[in-house]
Amino acid sequence: MKATIHHVAIAVHDLDAALAFYRDALGLEMTERRRVPEESVEIAFLSAGEGEIELLHPLDEESSVARFLEKRGEGLHHVCLAVEDIQAAMERLREAGARLLREEPRVNEHGARYVFAHPRSTHGVLLELYELP
Ligand code: CO
């Protein structure tokens with residue numbers, strides 16, 4: 001199966017402080033910043049060559065990102081692979097016994113379909129699969 005790293009996501013306590021580092025100090029271009037209420041997060045994307053860095057900040061205490069920060073502190077939250085056929089990729093993961101967080105992919109603002117696989121079935125990293133529209 002062909003896949004490319006689409007982005008790596010970092011959970012942060014303070015999005016403005018993280019942007020002061022990644023955008024202002026490091027000089028990466030911010031391509032997007034928005035709230036995603038259905039996931040209870042605010043996100044920012046920074047361009048890094050072929051791939052991107054996603055900064056993730058929880059919007060409320062119930063957010064899974066809030067629980068992540070509480071347990072582990074700031075750091076790598078997930079790796080996202082872009083695939084050509086997300087249904088086929090999900091089928092492969094299911095056959096391998098991996099635990100997907102949803103039965104069906106969700107669709108984001110750009111029309112991309114995405115789904116997550118639990119870190120316990122991916123050797124320790126939350127894995128996002130992404131199918132570009
Ligand atoms: Co992501």
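Where is the place of E103? The close-up views below, taken from a predicted model, start with that residue and then move on to the sheet, its helices and the largest pocket.

**View 1. E103 sits in the loop between α3 and β6.** With a relative accessibility of 60%, E103 counts as exposed. Leaving aside residues up to four places away in sequence, E103 touches M90 and R94. If you like to check a distance, try the C-alpha atoms of E103 and L93: the two residues are ten apart along the chain, and these atoms are separated by 12 Å.

**View 2. Eight strands make up an open sheet with mixed pairing.** Reading across the sheet, the order is β2-β3-β4-β1-β5-β8-β7-β6. The edges belong to β2 (29-36) and β6 (106-107); each has a single partner strand, so one side of each is left without a neighbour in the sheet. As a reminder, strands of a sheet pair through backbone hydrogen bonds, either parallel or antiparallel. At the β6 edge, the pairing with β7 (residues 113-117) is antiparallel and rests on two bridges. Have a look at R106 here, whose bridge partner in β7 is Y114.

**View 3. Helix α1 packs on the sheet.** This helix covers residues 15-25 and touches β1 (3-11), β2, β3 (41-48) and β4 (51-58). Between the directions of α1 and β3, the angle is about 0 degrees.

**View 4. Helix α3 lies across β5, β7 and β8.** The helix spans residues 86-95, while β5 takes in 75-83 and β8 takes in 126-131. Relative to β8, helix α3 runs at about 150 degrees.

**View 5. β4 is a mostly covered strand, paired with β1 and with β3.** Seven of the eight residues of β4 are buried. On the β1 side, the two strands run parallel and are joined by five bridges; here A11 has L56 of β4 as its bridge partner. On the β3 side, the pairing is antiparallel over eight bridges, and A44 stands opposite L55 of β4. β3 and β4 also form a hairpin, with two residues between them. In that turn, G49 has a positive phi of about 65 degrees.

**View 6. S40 and H123 each have a positive phi without being glycine.** S40, in the loop between β2 and β3, has a phi near 55 degrees. H123, in the loop between β7 and β8, has a phi near 65 degrees. Which of these is buried and which is exposed? S40 has a relative accessible area of 16%, so this residue falls under the 20% cut-off and is buried. H123, with a relative accessible area of 81%, is exposed.

**View 7. The largest pocket has a volume of about 1,100 Å³.** Its lining is made up of 43 residues, and the closest to the pocket centre are S64, H77, L101, F116 and L126. Which element gives the most to this lining? That is α2 (64-72), with six residues. At least two lining residues also come from each of β1, β2, β3, β4, β5, β7 and β8. For anyone thinking about the chemistry of the lining, its residues divide into 19 nonpolar, ten polar and 14 charged.

Note on methods:
Residues are numbered from 1 along each chain as its sequence is written. This is a predicted model: local features need pLDDT of at least 70, side-chain atom pairs count only at pLDDT 80 or more; totals for chains, interfaces and linings use all residues. Side-chain values use heavy atoms; hydrogens and water are left out. Two strands pair if DSSP finds at least two bridges between them. Helices (H or I, at least four residues) and strands (E, at least two) are DSSP runs, numbered from the N terminus. Contact means heavy atoms within 4.5 Å. Axes are lines fitted to C-alpha atoms, for helices over the stretch in contact, and angles run from 0 to 180 degrees between N-to-C directions. On a 1 Å grid over the protein atoms alone, a cavity is a set of points where a 1.4 Å probe fits but cannot get out, and a pocket is an open set with protein on both sides within 12 Å along at least five of seven lines; lining residues have an atom within 4 Å of a point. Grid points are joined across faces, edges and corners, and a volume is the space filled by probe spheres set on the points. Ala, Val, Leu, Ile, Met, Phe, Trp, Tyr, Cys and Pro count as nonpolar, Asp, Glu, Lys and Arg as charged, and the others, Gly among them, as polar. Buried means under 20% relative accessible area, exposed over 50%, partly exposed in between (1.4 Å probe, protein chains only).
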